Amino acid sequence: MRCSMITVVVAAAAVAAGIDLLTFHFVLFKSTMTAAQPSLNVVLVDIEGTTTSISFVHDVLFPYAKENVQQYLQETWNSDATKDIVQDLQQTPQFAEWRSTLNSSMDTIDEPLITDFVRYLIDKDLKVTPLKTLQGLIWARGYAAGQLKGHVYEDVPAAFEAWRNAGLRVAVYSSGSVAAQKLIFHHSIAGDLLRHISAHFDTHVGHKQQTESYTKIAEALQVPPEKVIFLTDVAGEADAARAAGMQTRILQRPGNAALSEDQKSTYQLIEDFTSLQTLQLS
Ligand SMILES: CSCCC(=O)C(=O)COP(=O)(O)O
Ligand SMILES: [Mg+2]
C-alpha cells in the first residue's frame with residue numbers, strides 16, 4: 001500500500017518533470033526486475049551429475065581406482081599417509097560389518113584384505129572419507145601419467161568464466177576429496193579450470209545431505225547462506241542446502257537420476273549452466 005502510494009507520487013513527479021509515463025513504467029519495471037534478482041556472492045557446484053557426467057565417475061574413475069588400488073597399497077604400505085588411511089578405514093562402521101561377512105577368520109590387516117575392502121566400498125559407492133582420500137591419491141597417478149582427463153560438460157568453462165567476470169566466487173562441494181576435485185578441474189578435457197575455483201569442500205566438512213555441512217560451508221566462505229547458490233543433481237542435497245538457507249538449482253544432465261513429481265515442483269530445474277551465465281554479484 002505504502003509502496004503503491006510512493007509509486008503514484010513518483011509517477012506524478014515524473015510527469016511534471018516531462019518524463020512520459022511509458023518511459024516511467026519501463027524504468028520502474030527494470031528496477032523491479034533488478035530487485036527481484038537473487039542476492040548472490042558464491043556459486044557452489046557439485047561435481048558428479050552437475051559439472052561432470054555420472055558415467056565418467058562410475059565408468060572411468062571408480063574402475064581406475066579398483067584396478068590400481070592393490071599396486072598402490074603395495075608400493076606405499078609403509079608410508080605415513082597410507083598407514084593413516086588404513087587405520088581410518090578399519091575404524092569405519094562398514095569395516096566390521098564387511099569383515100563379519102567373510103568366511104576367513106584371518107586377523108591380519110594386509111594389502112589384499114584392504115584392497116578387497118576398498119573394492120567393496122567402491123562397488124557400493126559408499127562416500128567414506130578415507131576411501132575418498134585414497135581414491136584421490138590413486139587418481140593422481142592416472143592424471144600424472146596422462147591416463148585420465150577430467151570430464152566436464154561443454155557449458156561449464158563458459159559459466160565459470162562468466163561468474164568470475166561478474167565478481168562471483170566459484171566453490172566446489174563434492175564427496176570426492178579436495179585433492180581429487182583439484183585434479184579433475186586442473187586436468188579437464190577443457191583445459192585447466194582450477195584457476196576459476198576459489199574454495200573446495202569435501203566430506204571433512206560433513207555429508208552432503210546434512211544441513212549442518214552447508215551452514216559450515218557458508219561460515220567458511222564468510223557469507224550468509226542466502227548469498228550462495230548450490231547447484232546439484234541430488235534432491236536430498238538440495239533439501240539440505242535449502243534448509244541451511246542457500247538458493248538451489250537441480251541439474252538434469254543426461255544420465256542423471258529421475259526426480260519425483262514432488263521434487264520437480266519443489267525445485268527449479270535446469271538442463272545445464274547456460275541460463276545461469278548471467279548471474280550477478282549482488
Ligand atoms: C572429485 S571427482 C570424484 C567424485 C567422487 O568421488 C564422488 O563420489 C562424486 O561425488 P559428488 O559429491 O561429486 O556427487
Ligand atoms: Mg552429484
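In this predicted model, helix 8 (residues 156-165) makes a convenient place to start. Its buried residues are V156, P157, A159, F160, A162 and W163. The elements that cover these buried residues include strand 1 (42-45), strand 2 (169-173), helix 9, strand 3 (197-201) and strand 4 (228-232). Just beyond the end of helix 8, G167 adopts a positive phi of about 90°.

Stepping back to the whole chain, the protein contains twelve helices and six strands. Of its 282 residues, 45% count as buried. Among contacts with a separation of 6 or more, 69% are made by residues 24 or more positions apart. The domain assignment divides the protein into domain 1 (42-53 + 151-276) and domain 2 (57-144). The centres of domain 1 and domain 2, taken over C-alpha atoms, are separated by 27 Å. To the contact between them, domain 1 gives 13 residues and domain 2 gives eleven residues.

Two residues of helix 8 reappear in the nonpolar interior. The largest nonpolar core comprises 55 residues, and those with the most contacts inside it are W139, F160, W163, F185, L231 and F273. Helix 3 (residues 54-76) supplies the largest share of this core, nine residues. Where does this core lie with respect to domain 1 and domain 2? Both domains give residues to the core, so it lies between them. A second, separate core has 18 residues, with V42, A240, A244 and M246 among them.

F185 offers a closer look at the surroundings of one of these core residues. Leaving aside neighbours within four places in sequence, F185 is in contact with I47, T51, V152, F160, V172, G191, D192, L193, L194 and I197. This list includes F160, one of the buried residues of helix 8.

W139, another of the core residues named above, belongs to the buried part of helix 7. Helix 7 (residues 129-144) has 16 residues, and the distance from its first C-alpha to its last is 23 Å, close to the 22 Å expected at 1.5 Å a residue. Along this helix, T129, P130, L131, K132, L134, Q135, G136, I138, W139, G142 and Y143 are buried. These buried residues pack against helix 3, helix 4 (80-90), helix 6 and helix 9 (178-186). Just after helix 7, G146 takes a positive phi of about 75°.

Aromatic side chains add further detail to the picture, with twelve aromatic pairs found in a search of the whole structure. In one of them, the ring centres of F95 and F117 lie 5.0 Å apart and the ring planes meet at 80°, so the pair is edge-to-face. F95 belongs to helix 5 (residues 93-99) and F117 to helix 6 (residues 111-123), so this pair ties together parts that are 22 residues apart in sequence. F95 and F117 are both buried. Together with W98 and Y120, F95 and F117 form one aromatic cluster.

A further pair brings the account back to helix 8. The rings of W163 and F273 have centres 5.3 Å apart and planes at 45°, so the pair is tilted. This pair links distant parts of the chain, with W163 in helix 8 and F273 in the segment after strand 6 (269-270), 110 residues apart. W163 and F273 are both buried. F273 also has a charged partner: R253 lies over the face of this ring, at 5.1 Å from the ring centre. Elsewhere, the charged end of K208 sits over the ring of Y173, 5.6 Å from the ring centre.

Strand 6 holds L269. Is L269 buried or partly exposed? With a relative accessible area of 29%, L269 is partly exposed, because the buried class ends under 20%. Not counting residues up to four places away in sequence, L269 touches I250, Q252, L259 and K264. L269 and I250 are 19 residues apart in sequence, while their C-alpha atoms lie 4.8 Å apart in space.

Conventions
Residues numbered from 1 in each chain as written. Chains lettered and ligands numbered in written order. Predicted model: local features only at pLDDT ≥ 70, side-chain atom pairs only at ≥ 80, totals over all residues. Heavy atoms only, no water. Core = buried A, V, L, I, M, F, W, Y, C linked by side-chain atoms within 4.5 Å. Buried < 20%, exposed > 50% of the residue type's maximum accessible area, 1.4 Å probe, protein only. Helix = DSSP H or I, 4+ residues; strand = E, 2+ residues; numbered from the N terminus. Domains from an automatic or database assignment. Contact = heavy atoms within 4.5 Å. Phe/Tyr/Trp six-rings, centres within 6.5 Å; stacked < 30°, edge-to-face > 60°. Lys NZ or Arg CZ within 6 Å of the ring centre and 35° of its normal. Expected span 1.5 Å × (residues − 1).
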